[in-house]
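Subject: Structure handover

Hi,

Here is the structure for you to look over. My notes on what turned up follow below it.

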Amino acid sequence: MAKVIKMFQTLRNHWKKTTVGIGLLTWGGNWLYGKHCDNLLRRAACQEAQVFGDQIILPNEQIKKATVFLNPAACKGKARSLFEKNAAPILHLSGLDVTVVKTDYEGQAKKLLEIMENTDLIIIAGGDGTMQEVITGLLRRADEAAFSKIPIGFIPLGKTSTLSNTLYPECTNQVQHITDATLSILKGETIPVDVLQIKGNKDQPVFAVTGLRWGAYRDAGAKVSKYWCLGPLKTKAAHFFNTLKGWPQKHLASLTYLGPIPRPPEEPEQATGRPPLYIRIYKRLAQYWAPTPKEIPKEVIPEIWQETQLSAIEFAITTQNRHLDLKRTEDFMNICIEPDTISKGEYIKRGSQKMQDPHLCPEGSQCLQASRCILQFPEDTEGFLAIDSEEYEVMPVEVRLLPRKLRFFCDSRKKEQMLQSAS
């Protein structure tokens, strides 16, 4: 008993060291408990994936091939470790023939997609930049009509993974988010996703699944990391210093666009077998003796283009993928034109919101709906366009909507929520 009393007296006499020690022990215990919980999540996901791997393959079936495009530089260089710890074991236990392609430099995924052989699944492991490269390389292929039907999986490993909020439920635990996304690929539930084709004057077209941004918020957001020394004030500082370059910041352009187009019904593909020989002979004879009359060409309705002049602080073109409506009757992309009449204080305040939701369209903005548009800039315009968070020099562009162009694997709960909200 005397030893216990002496110990408490010592702790009381050295209360500063005691406080620091208790804090370190508490933090270490929480860290170890978090690691233990992450291991339990990985083990449960691997056990669920093992069920798919234990399924019997018929003699006439082949093992599905999955090609993974991994960007090791994503998430500040942590993407490779995150993939190997959380996603790779699940894919290998599922019975898939997995080929992992690691990109070494920017733009490599586009080149690799041009020479990629046939595969059953395409899996993107990275962020918005990796997504944009893979989608662009895929749709630039000569046989893109066939390759665009290959389902695509997305494992969110990047700093920005915008499409993951549409495909998977929100989750604060990164390990659970990655394992849930990987398991969704194995379960096979898919949804159609719109794509934007963005074509300049010279280069090949670029494709995006989120959208295009141009303006003062994008310029300030690209410089936030330079003010890292200011901690939580770095976002406000970046927007404040951006106002010193000149105010108001007017971005001038000319916009020509077409309105929404009706959405045709989605008909499932039906594989019809070859008819018997006597039926084919009968059809040939019927066509010979009674040829089908020539169809009268329908009158082509001219497209109605609308034109408007822009003077905005920010301009954005976005798909509907962030708030997907599987039952909509029209296909269109959203155009948001933010007025340049706001004050500096409102600009700095709204800049923080834009960092959380880059494609936020605030009140007072002009909102348009279009299926195709052409954006023209004055000759002396400088700056950058952000296409799925990737920078491109400002140039006149034509943006065309490709509705339901690709199919992405998704969580069944998210798809059920989309169907319920649509009904």
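Start with V98, which sits in strand 2, residues 97-102. Keep in mind that this is a predicted model. V98 has a relative accessible area of 16%. The cut-off for buried is under 20%, so V98 counts as buried. Which residues does V98 touch, leaving out those up to four places away in sequence? They are A66, V68, L91 and H92. Two of these contacts, L91 and H92, are with residues that fall within the range of helix 4 (79-93). E379 is a long way off by either count: 281 residues along the chain from V98, and 49 Å between the C-alpha atoms.

Now the whole protein. There are 14 helices and 17 strands. The C-alpha atoms fill a box of roughly 115 × 65 × 45 Å along the principal axes. The chain has 423 residues, and 41% of them count as buried. Take the contacts between residues at least 6 apart in sequence: 80% of them join residues at least 24 apart.

Next, the surface. The protein exposes about 25600 Å². Carbon and sulfur atoms supply 55% of that area. Charged side chains come to 54 positive and 47 negative. The centres of the two sets lie 8 Å apart.

Two surface patches are worth a look.

- Positive patch: K76, K78, K159 and K234 form it. K78 lies in the loop between helix 3 (74-77) and helix 4 (79-93). Its relative accessibility is 53%. Exposed means over 50%, so K78 qualifies.
- Nonpolar patch: L277, I281, L285, Y288 and W289 make up about 640 Å². Y288 belongs to helix 12, residues 277-289. Y288 counts as exposed because its relative accessibility is 61%. An α-helix has 3.6 residues a turn, so residues three or four places apart point the same way.

Last, helix 11, which spans residues 234-243. K234 of the positive patch is at the start of that range. Which residues of helix 11 are buried? They are T235, A237, A238, H239, N242 and T243. What do they pack against? The partners are helix 10 (216-221) and helix 13 (344-356).

If you open one region beside V98, try helix 11 and its two packing partners, helix 10 and helix 13.

Best wishes

Definitions and conventions:
Residues are numbered from 1 along each chain as its sequence is written. This is a predicted model: local features need pLDDT of at least 70, side-chain atom pairs count only at pLDDT 80 or more; totals for chains, interfaces and linings use all residues. Side-chain values use heavy atoms; hydrogens and water are left out. Helices (H or I, at least four residues) and strands (E, at least two) are DSSP runs, numbered from the N terminus. Buried means under 20% relative accessible area, exposed over 50%, partly exposed in between (1.4 Å probe, protein chains only). Contact means heavy atoms within 4.5 Å. Accessible areas come from the Shrake-Rupley method with a 1.4 Å probe; for residues, only the protein chains shown count as cover. Lys and Arg count as positive and Asp and Glu as negative; His and the chain ends are not counted. The place of a charge is taken as NZ of Lys, CZ of Arg, CG of Asp or CD of Glu. Patches are made of residues with over 30% relative accessible area and no salt bridge: like charges are joined within 9 Å, nonpolar side chains (Val, Leu, Ile, Met, Phe, Trp, Tyr) within 5 Å. A salt bridge is a side-chain nitrogen of Lys or Arg within 4 Å of a carboxyl oxygen of Asp or Glu.
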